[in-house]
Amino acid sequence: MPRWFKPLIFVACLGPLFRLGWKAYAGLLGANPIEVITHSTGDWTLIFLLVTLAITPLRKITGPLWLIRYRRMFGLFAFFYACLHFTTYIWLDKFFDLHEMWADIAKRKFITVGFTAFMLLIPLAITSTSGWIRRLGGKRWQALHRLIYVSGILGVIHYLWLVKADIRKPVEYGTVLGLLLAYRVVEKLRARKPQPALASAKRTTILQN
Amino acid sequence: MLIKKTSEIKSSEITPKSLFVNRRAFLTGAAGAGLAAAAAVGFRKLEAPAEVALANTTIEGVQKSSFSTTETITPYKDVTNYNNYYEFSTDKYEPAGLAKNFKTRPWTVSVEGLVKKKKSLDVDSIIKLAPAEERIYRHRCVEGWSIVVPWVGFSLSELIKQCEPLGNAKFVEFTTIYAPNEMPGQRIAVLDWPYLEGLRMDEAMHPLALLCFGMYGQVLPNQDGAPLRVVVPWKYGFKSAKAIVKLRFTDQQPSNSWSKSAPSEYGFYSNVNPHVDHPRWSQATERRLGEFRKRPTLMFNGYDQVASLYSGMDLKKYF
């Protein structure tokens, strides 16, 4: 990939934010701008989470190794939009009333799971640097970063629990997430398969003897 | 980010309606290629006369009402472009476009159930039953936003009297039209169509309960419930059924669509009540469209005169 490609993707990832900013400036956010901002930043958090989770399967299926170098960037953009989403909530919905916010997090299930999903992304964002990978060691780092699966699942549940009746969009996100996670489960099972096969082969030989 | 407070918007700054109505043509032009845009604008122009014929008609001789609030009226463009009208779409920004070709004439309302005589009334004769009044009401959505709308209509009781309900009629049920050909949202089973709502007779007969066929001095736009709807300002918005085709009087509490969809979340009464939360969100505050800060939600949406209808009732139980 040419060297300008990554910066280009970086700018493209900021597109949704620029679009929101432009629309807010031009007064094109409609009757309830704060609602639009809340929904849009939430949507893009989930989209970037799914894109991040799609990198590994995509690389394994199609091959190009360079794809993996974009995973961190997409993951950090998921965190970036999650921060904006959370800021919208705590600022424009709760007006920094922390007492209200905690009451909300404790009482409202969809906020509890959304907040948890966000909290789980924080250690991942912090330890996303090469330095932290070295410090933790590849295995432990990888184990920690599996938290993104939990965060993704909670994110979809957060969406599912907040809609009134039309669950089509959260179900769409859930389906994509389900496929991406199912791919990993299948891969795991496939990697394990030789062992039981070997064991049963051994058993037959014992029986034959 | 620039979000203007309503109080800061001078009337001179509000987009003239004629420009506003044509904004889609402008947006199409900006977004698409020049040629496509020109074609689209041309097409829209061909379409235009029919779609605006009714909605832009002024209603003559509208009287003022002492029930009106003096609060700042929400801009017309917001009330006509931000609509919870699931028959068209679950996206609040879509009904304005999708309802353009919805046919509101001919239109009849059938009167059924516990009445002296079942009948079918033409909407244009219903509208003439009483002098039209402008009622500027607060309107609070169960989702936590609110608007102030200058509705045009008269007390629902005027129509109910014409229906001649029997003495044992305790409730009235409203049915919204079922027209999946014209209402794309009805092709999806998001709710159990047609939309049903209901009121207890004393609620329906309360002078505040409005039979509505206009707003902002004009005929009701399709996306706001044309040709005929009810407005029950002390209840959450979904209680105010739109595009009504049937009134049925019963002695049993009728079921309403949202209660059927989620009984633990939406009750039959659904009075605006800051002390009874929706199971998933607080109802203590609301965002008035155009305002930055949230404001406290008032009991019965500030319409204290209806409190006597519910004296002795546990409103946490009958939410």
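Among contacts in chain B of this predicted model between residues at least 6 apart in sequence, 70% join residues at least 24 apart. Chain B contains nine helices and 13 strands, and 41% of its 319 residues count as buried.

**Helix 7 of chain B**

Helix 7 of chain B spans residues 156-163, and its buried residues are Leu156(B), Leu159(B), Ile160(B) and Cys163(B). These residues lie on the same side of helix 7 of chain B, because they cover an arc of only 100 degrees around the axis. After helix 7 of chain B comes Glu164(B), which has a positive phi, near 50 degrees.

**The surroundings of Tyr178(B)**

Tyr178(B) is placed in the loop between strand 6 (171-176) and strand 7 (196-200) of chain B. Tyr178(B) has 13 C-beta neighbours inside 10 Å and therefore counts as partly exposed; a residue is buried only if 20 or more other C-beta atoms lie within that distance, and exposed if 12 or fewer do. Leaving aside residues up to four places away in sequence, Tyr178(B) touches Gln186(B), Trp193(B) and Pro194(B). Between Tyr178(B) and Asp304(B) there is a separation of 126 residues in sequence, and their C-alpha atoms are 35 Å apart in space.

**Helix packing in chain A**

Three helix pairs of chain A are set out below.

| Helix pair of chain A | Angle between axes | Axis distance |
|---|---|---|
| Helix 1 (residues 5-26) and helix 2 (residues 33-62) | about 175 degrees | 11 Å |
| Helix 2 and helix 8 | about 145 degrees | 10 Å |
| Helix 8 (residues 147-162) and helix 9 (residues 168-192) | roughly 160 degrees | within 9 Å |

For the pair of helix 1 and helix 2 of chain A, the angle of about 175 degrees makes the two helices roughly antiparallel to each other. Helix 1 of chain A contributes Pro16(A), Leu20(A) and Ala24(A) to the contact, while helix 2 of chain A contributes Pro33(A), Ile37(A), Ser40(A) and Trp44(A). By class, the residues of this contact are six nonpolar, one polar and no charged.

Helix 2 of chain A also packs against helix 8 of chain A, and the two pass each other in a left-handed crossing. On helix 2 of chain A the contact is formed by Thr45(A), Leu46(A), Leu49(A), Thr52(A) and Leu53(A); on helix 8 of chain A it is formed by Ile148(A), Ser151(A), Gly152(A), Gly155(A), Val156(A) and Tyr159(A). The residues of this contact divide into six nonpolar, five polar and no charged.

Helix 8 of chain A in turn packs against helix 9 of chain A, with axes that cross at roughly 160 degrees. The two helices are therefore roughly antiparallel, the cut-off for that class being an angle over 145 degrees. Helix 8 of chain A passes helix 9 of chain A in a left-handed crossing. The contact involves Tyr149(A), Gly152(A), Ile153(A), Val156(A), Tyr159(A) and Leu160(A) of helix 8 of chain A, together with Pro170(A), Tyr173(A), Gly174(A), Leu177(A) and Leu181(A) of helix 9 of chain A. Nine nonpolar, two polar and no charged residues make up this contact. Gly152(A), Val156(A) and Tyr159(A) of helix 8 of chain A take part in the contact with helix 9 of chain A and also in the contact with helix 2 of chain A.

**Contact between the chains**

The contact between chain B and chain A takes 17 residues from chain B and 14 residues from chain A. On the side of chain B that touches chain A, the residues comprise 10 nonpolar, three polar and four charged.

Key:
Residues are numbered from 1 along each chain as its sequence is written. Chains are lettered from A and ligands numbered from 1 in the order in which they are written. This is a predicted model: local features need pLDDT of at least 70, side-chain atom pairs count only at pLDDT 80 or more; totals for chains, interfaces and linings use all residues. Helices (H or I, at least four residues) and strands (E, at least two) are DSSP runs, numbered from the N terminus. The arc is that of the directions from the helix axis to the C-beta atoms. Two residues are in contact if their C-beta atoms, placed from the backbone, lie within 7 Å. Axes are lines fitted to C-alpha atoms, for helices over the stretch in contact, and angles run from 0 to 180 degrees between N-to-C directions. Angles under 35 degrees count as roughly parallel, over 145 as roughly antiparallel, 65 to 115 as roughly perpendicular and the rest as oblique. A crossing is left-handed if the near helix is turned anticlockwise from the far one by less than a right angle, and right-handed if clockwise. Ala, Val, Leu, Ile, Met, Phe, Trp, Tyr, Cys and Pro count as nonpolar, Asp, Glu, Lys and Arg as charged, and the others, Gly among them, as polar.
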